[in-house]
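The following exercises concern charged side-chain pairs and the covering of a helix. Each task is followed by a solution in steps.

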Amino acid sequence: MRVLIVTAGSLGDVVPYTGLGARLRAAGHRVAVAAPAPYADLVTGAGLDFRPISGDLTAVRDATAGRRHSWPVPGAPGLVDFVRLGGRFVGDLGSGIVTAAGAGSDVLLLSSTTAPLGYSVAQYHGIPSLGVFLQPTAPTGAFPPVVLGVRSLGGWGNRIAGRLGRHLANRVYADASRRLRARLDLPPVGLGRLERRAAGEGWRVMHGFSPTVLPRPADWPAGLDVVGYWWPPTASGWRPPADLVDFLAAGPPPVYVGFGSLAETGGALRTLVGRALRRAGVRGVLHGLEDAGPEAAGPHAGRTGPRPGAAGDFRDPWRTDCADLLTVGDVPHDWLFPRMAALVHHAGCGTTAAGLRAGVPAVPVPVLADQPFWAARLVALGVAPAVLPFRRLDEARLAGAIRAAAVEPGYRRRSRLLADRLAGEDGAGAVVAAVDRLAR
C-alpha cells in the first residue's frame, strides 16, 4: 500500500515516525511522511519520501519568544495562550494535508497533532486511516490529561480534566476544521461529533509508547491500544567525531544535558548547568546550550576550537569547552545515551523513550506540553530522583538531582530492568500488522 504518515510539531514529533515508516517500508509498503519542512532531511535520510506541510512548532516558539505567556502554563492565562497559539500552529495545516494526501495515498496514519484534520481528509478521499499517537489523549480516570500539566486529581477529577483538555484541543482546531470541510465540500460537523462518529465506526488509535511505562487505562473504550515505542532507524554510515570519542575515553561516564528544540536556552542557562555539573562532581556532554564565555567553562576555560557545524554535520571539529565539559551537535541517542552516567533532559516523549531504552537514569526538566507528564512518569517508575521544572531550575537542586541519578545504584538498577522489558516489545510491528490487515 501507499502509506502516508502525517505529523506536525517539533523534532520529537517527527523522529519516532521515521522508525515506524522504515518498518512499514521493510514490510513492502511504499511510505511517505508529511511533516514540516525543517525535517525533510531527517525523513529522506531514513529512506522515506517527504511531503511538506505546515505545523512547525519551533516557528511559533520563535514568533512568541520573550512574551510573558508565550508558552502554555497551568492556570487560566496559560490555557488562553494554549488556544490562541494552537490556532496559529494549525492555521494552514489542513490544506497541507490535502495536498500531501492527494499526491497518492492508500491509507493515512495520523499523529495526535494531525488527526483532527487528517480524519476529514481521509473521509474526502475515501481511504482508511489510523491514529498513531505518541501521547494519550482520551480522557481517563487513571491519570490527568497530558496537555494541562496538572497532578492527578483522582479518578473522577482526572476524567473531568480529561474532557476539559479535549474540549480545549477541539477549540484549537475548530476554525481550521470548519474551513477544511468547507473546502472539501464535506458536511459541517463539529469536532466533538466527528470524534464520536469515528469511534462509532471503529476508528482505531495505536499509541507509540510502552505499556510498561504507561499501562493502557482500563476505562478506555475498545479501539485504543498501547503497542510500544517506535524506535528511530539507526543512522546509516554514521561515525562519532574523534573529539567525542576521546572525551568519553578520558574519564568516567559523563552526564548528558539537553533541553530539546522548544526550550529558550542561552548563556545564563549554560552557566547554571556548568556550575551544577561541577558541584555534582561529574563531567558533562552539553547539547543545544549556547556558550556564555569563560565563566561557564570554569577554571579550565580557554581550550576552544571552531564551533560545530549545523545539526547533523559532523565534518567540522567540535568544541571542547574545558577539561570536564564537551559541547556537541546532534548525536544519535541510541549511540550516545548508553555511554552516559545520567541524562538531564526535557522529558519529551522521544527523548524519554531513548533514555529508558538505554537503561540510564534521568533528571527530567520539563518545559511545556506533555513533558511534565512524562517527567512525572520517570519519577513514578523509580528511574529519576525528582522533576525539576525548567522555569524554576536552580543550581543547587539540579546538582543534587544529577548526583543522585548518577551515583545512587537504585536508579541505575531500575533503569536497566526497565530497559530489559522494553527490549522485548515491538510497537512498530503492531502497526505494520494493522496496516497489513487494511491491505487485505
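**Exercise 1.** Does Arg2 count as buried, partly exposed or exposed, and why?

Solution. The model is a predicted one. Step 1: the class "partly exposed" lies between the cut-offs of 20% and 50% relative accessible area. Step 2: the relative accessibility of Arg2 is 33%, so Arg2 counts as partly exposed.

**Exercise 2.** Identify the salt-bridge partner of Arg2 and locate both residues in the chain.

Solution. Step 1: the criterion requires a side-chain nitrogen of Lys or Arg within 4 Å of a carboxyl oxygen of Asp or Glu. Step 2: Arg2 meets this with Asp106, for which the closest N and O atoms are 3.0 Å apart. Step 3: Arg2 belongs to strand E1 (residues 2–6), while Asp106 sits in the loop between helix H5 (93–102) and strand E4 (107–110); the pair, 104 residues apart, thus links distant parts of the chain. Step 4: Asp106 has a relative accessibility of 28% and therefore counts as partly exposed.

**Exercise 3.** Describe the salt bridges of Arg159 and Arg178 in terms of their positions in the chain.

Solution. Step 1: a search of the whole structure yields seven salt bridges. Among them is the pair Asp219 and Arg159, with an N to O distance of 3.5 Å. Step 2: this pair links distant parts of the chain, 60 residues apart, since Asp219 is in the loop between strand E6 (205–207) and strand E7 (224–226) and Arg159 is in helix H7 (residues 154–183). Step 3: Asp219 is partly exposed at 37% relative accessibility, and Arg159 is partly exposed at 33%. Step 4: Arg178 and Asp175 form a salt bridge with an N to O distance of 2.1 Å. Both residues lie in helix H7, three residues apart, about one turn of the helix. Step 5: Arg178 is exposed because its relative accessible area is 53%, whereas Asp175, at 47%, is partly exposed.

**Exercise 4.** How many residues of helix H13 are buried, and against which elements do they pack?

Solution. Step 1: seven of the ten residues of helix H13 (residues 349–358) are buried, and the helix is mostly covered. Step 2: the buried residues are Cys349, Thr351, Thr352, Ala353, Ala354, Gly355 and Leu356. Step 3: they pack against helix H12 (333–336), strand E12 (342–345), helix H14 (371–380) and helix H16 (409–422). Step 4: just after H13, Gly359 adopts a positive phi of about 75°.

Conventions. Residues numbered from 1 in each chain as written. Predicted model: local features only at pLDDT ≥ 70, side-chain atom pairs only at ≥ 80, totals over all residues. Heavy atoms only, no water. Helix = DSSP H or I, 4+ residues; strand = E, 2+ residues; numbered from the N terminus. Buried < 20%, exposed > 50% of the residue type's maximum accessible area, 1.4 Å probe, protein only. Contact = heavy atoms within 4.5 Å.
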